[in-house]
Amino acid sequence: MIRRPSLWTTPQLLRYGPLIFFPLAALCVDVLQFVDPLIGSNNGGNVFAGATRPYNLAKPVADVNGQNTGGFATDGSSVTGFSAIHDSGTGGNPSLGNFPLFPQICPGDEVNNCNFLIGERATHYVEESVVARPGYFEVGLASGIKATMTSSEHAALYRFKFPTGDNQHPLVLLDLTDLWQSRQNATVAVDPDSGRLKGNGTFLPSFGAGSYVMHFCVDFFGGEVFDSGVWVNNRGGPEPKELFVTRGFNLFYLEAGAWVRFNNLVNDTLTARTGISFISADQACRKAQDEIPDPINGFDELVTETEDAWREKLSPVSIDAGGASKDLQTSFWSGLYRAMISPQNYTDENPYWNSEIPYFDSFYCIWDSFRVQHPLLTILDPNAQTQMVNALLDIYKHEGWLPDCHMSLSNGWTQGGSNADVVLVDAYIKNLTGIDWGLALEAIVQDAEVEPLEWAYHGRGGLQSWKDLLYIPYLDFDPVGFGTNSRSISRTLEYAYNDYCLATLAQGLGRDDLYSKYVTRSANWQYLWKPEQNSIIDGNDTGFLGFFQPKYQNGTWGYQDPIACSALASFCSLTTNPSETFEASIWQYQFLVPQSMSTLIKLMGTEESFIKRLDFFHTSGLADISNEPVFSTVYLYHYAGRPGLSTKRLHTYIPSAFNASHGGLPGNDDSGSMGAFVVFGMIGLFPIAGQDVYLISAPFFKEVNITSPLTGKTAQIKTVGFDANYENIYIQNVTVNERPYTKSWISHAFFTEGWVMELVLGNHESGWGAKLEDRPPSWSEMAV
């Protein structure tokens with residue numbers, strides 16, 4: 001039987017008398033010089049490296065045939081086209097990249113000497129020609145053609161400069177495809193006089209169910225149309241001027257599209273403007289024309305507008321680097337930049353409904369982003385975060401469920417729990433306004449109580465067992481709804497935290513009945529703890545007892561090796577070889593009980609054994625820092641009264657795994673999650689999503705200032721004894737608003753009320769944050 005715990009309440013720092021703040025030292029530095037969009041463009045980071053504005057739909061870049069999930073990669077592969085819409089940092093199949101353009105000169109000035117097929121037209125790019133900065137991307141091809149591009153909100157603007165030559169008519173083709181080659185059908189029409197290309201296509205989401213329709217409109221400037229037509233397979237002709245294609249036959253993907261040739265180019269340069277819309281080709285044309293009315297002369301102005309938009313978004317933050325290297329500063333600002341690329345603002349681009357409020361999509365996926373990316377936006381861009389929360393509730397109102405993943409206006413696969421719940425509750429406890437919290441409670445309760453028929457892409461599965469057995473069983477019998485019958489351990493852990501967040505919201509809204517029910521259910525994770533389970537690696541007992549294990553419906557134990565699904569064993573995928581933990585091992589998931597770390601520490605023995613277990617996890621190859629659930633484990637030493645060890649552990653990952661190189665991310669950026677982890681690590685505060693808690697650690701800079709866009713007040717993190725060699729990484733003592741502060745965590749009011757925190761640093765671990773009452777909040781009594 002579960003004994004009801006009392007939900008902790010966040011203590012508030014006493015408000016003192018008026019404080020006088022002197023103006024912050026203005027560093028006459030343009031932070032955009034520290035933004036490198038190419039960080040993570042190799043080694044599986046899958047970042048979007050092209051030109052975009054914050055959260056915008058239009059995202060032009062060169063597409064390659066190598067690591068092309070985000071379009072472009074610095075992996076030495078070949079360019080296959082230039083497309084105007086992408087996602088950033090995702091895993092799974094390549095996403096979007098619809099309707100790429102490809103410029104070339106046909107040998108002998110014969111259309112059918114040009115290369116139409118993806119594999120044939122692929123052309124190496126010149127590595128030293130690549131230029132990427134906010135709002136601008138440039139690349140030179142081995143063919144001698146140079147492409148530069150920028151964007152507005154819904155349109156891309158390209159400049160293709162061709163080699164000088166006589167009697168040649170440069171050709172630009174449009175391919176009715178996407179990066180994944182998921183097209184089901186498509187159409188294109190060519191205007192023989194202007195060369196305008198209009199059409200649409202039906203495609204599949206790269207990590208989800210259903211399909212979506214996208215429309216395009218391409219206009220050309222700076223030359224005269226010589227001739228035009230359509231192409232199918234590897235041949236093109238001037239007639240007809242319209243084309244409709246299906247997918248093709250079985251595995252034989254039909255490649256097709258349209259082409260236009262030009263003459264009398266001004267300065268050998270052709271300008272192309274591509275509008276993209278989920279509504280219609282006419283809307284794509286209209287928005288492109290409205291946003292880019294002067295394509296020939298307006299390129300530089302678009303770049304400047306985009307740079308200014310990024311400066312504004314980054315402006316709440318300023319730092320005194322204190323001698324920190326340029327590479328570290330570049331990692332920091334680039335991480336902040338990438339955290340604001342997605343989700344994407346699709347306002348007026350939703351073909352299914354229009355609620356006349358901002359609509360966001362590309363929540364890809366919330367399982368990745370709820371932990372650090374959305375908490376970062378809550379601090380630095382609360383208006384956008386409020387719009388995103390309202391967009392999630394808008395999806396609930398019209399589709400019936402909160403999404404766990406949503407891209408291309410389609411439902412993405414659910415990876416674990418119903419983690420939009422955490423995003424909503426995190427916004428609630430941090431006092432975001434303009435949100436219908438009653439509706440939020442309704443939506444989250446539905447996640448907790450009603451099982452959808454297709455819980456593979458929203459809601460939760462196995463709810464009957466969750467309610468009756470108090471855990472998700474191994475090989476669950478679930479005739480109510482359908483999804484991948486796996487992940488019983490990780491789903492149990494995530495459902496428990498989802499219920500904890502629900503209890504938090506219910507308590508805040510005065511629903512004590514719901515609070516009591518769900519705070520009790522949030523302890524269900526303990527039913528899968530097997531005290532006598534050990535872990536053996538290569539025939540050697542690790543010496544640790546007690547691990548989560550799968551359990552059958554009848555209460556008997558199943559078995560999963562605690563190292564399965566880790567780098568020491570084999571990777572586990574939702575779609576290929578699912579296991580009882582999602583994309584990670586039991587070793588990793590054993591630490592994911594943020595609502596009750598004190599109970600978890602007791603189950604593992606003593607604080608010392610907990611620390612030893614954490615150390616072993618991080619030093620044995622079991623910890624995969626490219627996977628978001630590992631983020632919080634870096635900081636869990638706080639809960640054992642050793643916050644200095646959290647900082648020490650962080651320095652083993654930054655800059656070794658997170659740095660300013662093109663391969664400077666340990667894995668998929670996951671819509672900016674890796675970037676957000678870097679930002680929080682470097683400012684010295686780490687959020688526990690769904691709680692009003694930031695864990696304090698030593699920053700990577702001498703001083704950090706963050707101005708709240710809501711209140712206009714500036715929070716300051718100052719250091720005494722900072723050194724850029726990072727020998728003094730241990731906090732000795734802390735003051736907040738000039739008063740001694742002994743807790744190893746702080747609340748969100750630090751940001752909104754503009755508190756001043758000063759950390760004295762030294763080269764040895766101190767007793768700061770060690771006392772039980774100074775540790776992060778956790779349930780002191782909870783047992784099953």
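**Disulfides, a buried helix and backbone exceptions in a predicted model**

Cys565 is buried, with a relative accessible area of 6%. The cysteine bonded to Cys565 is Cys572, and the two sulfur atoms lie 1.9 Å apart in this predicted model. Cys572 has a relative accessibility of 7% and therefore also counts as buried, the cut-off being under 20%. The torsion about the S-S bond of Cys565 and Cys572 is about -75°, so this disulfide is left-handed.

Four disulfides are present in the structure. When the bonded cysteines of the protein chain are numbered in sequence order, they pair as 1-2, 3-4, 5-6 and 7-8. One of the disulfides connects Cys106 with Cys114, at an S to S distance of 1.9 Å. The link of Cys106 and Cys114 is left-handed, with -95° about the S-S bond, and both cysteines are buried. Another disulfide is formed by Cys365 and Cys405, whose sulfur atoms are 1.7 Å apart. The link of Cys365 and Cys405 is left-handed as well, with -55° about the S-S bond. This pair links distant parts of the chain, with the two positions 40 residues apart: Cys365 lies in the loop between strand S22 (360-361) and H5, and Cys405 in the loop between H7 and strand S23 (406-407). Cys365 and Cys405 are both buried.

Cys501 is buried too, with a relative accessible area of 0%. The closest cysteine sulfur to that of Cys501 belongs to Cys365 and is 18 Å away, which is too far for a bond, since a disulfide requires sulfur atoms within 2.5 Å.

Helix H8 spans residues 420-429, and ten of its ten residues are buried, so the helix is largely enclosed by the rest of the structure. Its buried residues include Asp421, Asp426 and Tyr428 as well as Val422, Val423, Leu424 and Val425. The buried residues of H8 pack against five helices, namely H5 (366-369), H6 (373-380), H7 (382-399), H9 (437-449) and H11 (488-508). After H8 comes Asn431, which has a positive phi near 65°.

Positive phi values also occur in loops. Most residues other than glycine have a negative phi, and most peptide bonds are trans. Asp109 has a positive phi, near 60°, and is placed in the loop between strand S3 (101-104) and helix H1 (118-121). Asp109 is partly exposed, at a relative accessible area of 22%. In Leu470 phi is near 75° and again positive. Leu470 belongs to the loop between helix H10 (463-468) and H11 and is partly exposed, with a relative accessible area of 24%.

Cis peptide bonds were found before two prolines, Pro240 and Pro655. The bond between Glu239 and Pro240 has an omega of about 0°, and Pro240 lies in the loop between strands S14 (235-237) and S15 (242-246). For the bond between Ile654 and Pro655, omega is about 15°; Pro655 sits in the loop between helices H16 (643-650) and H17 (673-683).

Six strands form an open sheet with mixed pairing, in the order S20-S31-S32-S36-S33-S34. Strands S20 (317-320) and S34 (739-740) are at the edges and have a single partner strand each, so one side of each lacks a neighbour in the sheet. Within the sheet, strands S32 (residues 714-720) and S36 (residues 756-762) run parallel and are joined by five bridges. Ile717 stands opposite Met757 of S36.

Technical notes:
Residues are numbered from 1 along each chain as its sequence is written. This is a predicted model: local features need pLDDT of at least 70, side-chain atom pairs count only at pLDDT 80 or more; totals for chains, interfaces and linings use all residues. Side-chain values use heavy atoms; hydrogens and water are left out. Buried means under 20% relative accessible area, exposed over 50%, partly exposed in between (1.4 Å probe, protein chains only). Helices (H or I, at least four residues) and strands (E, at least two) are DSSP runs, numbered from the N terminus. Contact means heavy atoms within 4.5 Å. Two strands pair if DSSP finds at least two bridges between them.
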